[in-house]
Amino acid sequence: MTVVASPLTGAPSALNLIWDNMNWALIEASVLRLQMRIAKATKLGRYGKVKSLQWLLTHSIGAKLLATKRVTENKGGKTPGVDGKTWTKGKDKLKGAFSLIRRGYQTEPLRRVYIPKKNGKQRPLGIPTIRARAMQALHLLGLEPVTETLADKNSYGFRIGRSCADAIEQCLNIFCRKKSAQWILEGDIKSCFDKISHEWLLENTPMDQEILGKWLKSGYIDQGKYHETGEGTPQGGIISP
């Protein structure tokens, strides 16, 4: 699908106009068709087909535009990474979308910030650069049709179109019967995000392994000092969950 012609030429105002007048309904429809093909191939167990379709999606300009739109228009869109950059203008978004190229891709370190937890401790977040967030959103478009097809029907965390309210409703449906279970077991995996194995993620996450490896090993900047990441995945990236 041809969305724009010669998108990076012309005056900045012209590039802003191109972005503002994108046919997003058409772009979303083209990406959705590819996602549906990925989901169908996953359901049939044709994982070679899944991989080739993911490659096609992550190299399509429609998906790149949609990924850029998602990360620049969400609530964290104006939060910069270590490079201090944001894509707020149409021309920046358009150029950013066309910069999402796999060949030679290198990600930047994360910017470490801390937010307070209910227990008084602090939760560390890793904020990627806006380009890294857009790249993550792009590959997430190819990953979600697989994970949504294979996911447990009663899981609700980090799921598309699901919320805490849906989980509560399901609990009501399960426990309202006379013969329902009388006890609920609540558990928590200690430091799950902080300690999860990179090797396990690379072996079990159905996406581009080279790109995923670069994100996992990107490291982070905390108070001006660089730290390597040998394990765990930082909370803060769009694909982290």
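In this predicted model, the count of salt bridges comes to 7. One of them joins Asp208 to Arg102, with the closest N and O atoms 2.5 Å apart. This pair links distant parts of the chain, since Asp208 lies in the loop between helix H9 (198-204) and helix H10 (209-216), whereas Arg102 lies in the loop between helix H5 (90-98) and strand E1 (110-116), 106 residues apart. With a relative accessibility of 17%, Asp208 counts as buried, because the threshold for burial is under 20% relative accessible area; Arg102, at 23%, is partly exposed. Both residues also belong to a network of salt bridges that links Arg102, Asp208, Glu210 and Lys214.

A further salt bridge is formed between the side chains of Lys195 and Glu231, at an N to O distance of 3.3 Å. Here, too, distant parts of the chain are linked, with Lys195 placed in helix H8 (residues 192-195) and Glu231 in the segment after strand E4 (225-227), 36 residues apart. Glu231 is partly exposed, its relative accessible area being 40%. In addition, Lys91 is paired with Asp92 in a salt bridge whose closest N and O atoms are 3.2 Å apart.

Helix H4 comprises 13 residues (residues 61-73), for which a rise of 1.5 Å a residue gives an expected span of 18 Å, in agreement with the 18 Å that separates its end C-alpha atoms. The helix is mostly covered, 10 of the 13 residues of H4 being buried; among them are Ile61, Leu65, Leu66 and Val71, together with Lys64 and Thr68.

Note on methods:
Residues numbered from 1 in each chain as written. Predicted model: local features only at pLDDT ≥ 70, side-chain atom pairs only at ≥ 80, totals over all residues. Heavy atoms only, no water. Helix = DSSP H or I, 4+ residues; strand = E, 2+ residues; numbered from the N terminus. Expected span 1.5 Å × (residues − 1). Buried < 20%, exposed > 50% of the residue type's maximum accessible area, 1.4 Å probe, protein only. Salt bridge = Lys/Arg side-chain N within 4 Å of Asp/Glu carboxyl O.
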